[in-house]
Amino acid sequence: MEIIFSKDNVWLAKWDDFVQNENRASHLLLSDWNKAFKSYGFDFEIGLLVENDKIIGGFSAVIAKALFFKFYIVPFGPIVSDGYESKVNGLIEKVIERAKFYKSSYCHITIPENADGNEHVFRELPSLPILNNVQKGHLFKYVYSSNGLNWKTVNNFANEEDLLSSFRASVRRYIRSSERKQLELRFLESEVEVKLAYNLCLENAKNHNYSLREWSSFKETLLSMIENKKAKFLGAFYENDIKGAALIVKAGNYYTYILGGTKKQKPDFLAGHFLHWQAIKLSFSEKLRGYNISLGGSKGVVDLKNSYADSQIYFENSKYHWVLKPTHFKLYLFFEKKLKNNKKLISKLLNRIKR
């Protein structure tokens, strides 16, 4: 058994196949997802736990850089396949070792654990001595880390009608009403189509006062993941006019809802309900385990998401960090505090990293 660190395309392809089919995996581990950080000037690497040339675990690390600061960020994991839980402690040790190798001032991890969760999280891990006296939480906020799953099981139904019947009456009414609106589902693949959908999501973000990455910085990632069948951009159209869009990414034997947007107009086309139902049906037709509608959002968004989910599986005691260069990191926190209310300036600083 060995741990290999690589960005070689052959190993990345093997890793992505592992992430697609390993129940405990997440889209945050996919190589294309981590390559996207290159638009900020960040780097990445994959740590693979290999036994007899077979991947049985590992992690994806984003190597973030801002001015003279470096951070080694593992947004999800390390993970291992069922039966190899004893190897998690050693993988975490490797995270710290690699962070020091890159002269990082800080590193963190996210362990997907919940004692009452399902097969897509660790329900019970052996003792992890490396976490003795470690600091909990994350102090670096510019690489997203998951807090859990907003889960809908889809693999235990005989047909779509049984699946539909599993929702409460109000949700079924919304779904059926959305289907009567004569919306057309399209799987968007060309650059023109994907940009149209993403612009709708950007418009929604602006209207609801939250930020999304600019099209130019996310374009290559989106198109690559769609082309490689790792993601789908769903569009809801009426008379050739887009009324809603939703991006979903496949990993861990399920799709995760990443982002979306709808046009607010009267009559209400209920495009959000339509698209989530289409994503759930797609998960069912592909014989996946479930659909992660994702956590978070405004109160209205959270209410809608939770109405579709069976349960919210929050990771317990999952986030840990190590400050490896205290003086450097204190200086970073000073700058971060001064700039935290100016996201545009932060973005400009991040984009200066390449220089």
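## Backbone features in loops

Proline 78 is located in the loop that runs between β4 (69–73) and β5 (79–80). In this predicted model, the peptide bond leading from glycine 77 into proline 78 is cis, its omega lying near 10 degrees.

A cis peptide bond also joins lysine 266 to proline 267, here with omega near 0 degrees. Proline 267 belongs to the loop between β12 (254–262) and α8. Another loop, the one between β10 (231–238) and β11 (241–251), contains glutamate 239. Although glutamate 239 is not a glycine, its phi is positive, at about 50 degrees.

## Overall architecture

The chain contains 11 helices and 15 strands. Its radius of gyration is 21 Å, close to the 20 Å that the globule rule gives for 355 residues, so the chain is as compact as a globular protein of that length. Taken along the principal axes, the box filled by the C-alpha atoms of the chain is roughly 60 × 45 × 35 Å.

## The annotated domain

An unreviewed UniProt entry lists residues 165–293 under "domain: BioF2-like acetyltransferase". Across residues 165–293, helix accounts for 44% and strand for 28% of the chain. The C-alpha atoms at the two ends of this segment are 18 Å apart.

## Packing of α5 against α8

Helix α5 (residues 169–179) packs with helix α8 (residues 271–285) at an angle of about 100 degrees, and their axes are 9 Å apart. Since angles of 65 to 115 degrees count as roughly perpendicular, α5 and α8 are therefore assigned to that class.

On the α5 side, the contact is formed by Tyr174, Ile175, Ser178 and Glu179, which meet His273, Phe274, Trp277, Gln278 and Lys281 of α8. Classified by residue type, the contact of α5 with α8 comprises 4 nonpolar, 3 polar and 2 charged residues.

## Packing of α6 against α7

Helix α6 (residues 191–207) and helix α7 (residues 215–227) cross at roughly 125 degrees, and their axes come within 11 Å. This crossing angle makes α6 oblique to α7. The crossing in which α6 passes α7 is right-handed.

The residues of α6 in this contact are Glu191, Val194, Lys195, Tyr198 and Leu202. Their partners in α7 are Trp215, Phe218, Lys219, Leu222, Leu223 and Ile226. By class, the contact of α6 with α7 has 8 nonpolar and 3 charged residues, with no polar residues.

Note on methods
Residues are numbered from 1 along each chain as its sequence is written. This is a predicted model: local features need pLDDT of at least 70, side-chain atom pairs count only at pLDDT 80 or more; totals for chains, interfaces and linings use all residues. Side-chain values use heavy atoms; hydrogens and water are left out. Axes are lines fitted to C-alpha atoms, for helices over the stretch in contact, and angles run from 0 to 180 degrees between N-to-C directions. Helices (H or I, at least four residues) and strands (E, at least two) are DSSP runs, numbered from the N terminus. Angles under 35 degrees count as roughly parallel, over 145 as roughly antiparallel, 65 to 115 as roughly perpendicular and the rest as oblique. Contact means heavy atoms within 4.5 Å. Ala, Val, Leu, Ile, Met, Phe, Trp, Tyr, Cys and Pro count as nonpolar, Asp, Glu, Lys and Arg as charged, and the others, Gly among them, as polar. A crossing is left-handed if the near helix is turned anticlockwise from the far one by less than a right angle, and right-handed if clockwise. UniProt positions are given in the numbering used here, feature names are shortened, and annotations may be inferred rather than shown by experiment. The radius of gyration is taken over C-alpha atoms; the globule rule is 2.2 Å times the number of residues to the power 0.38.
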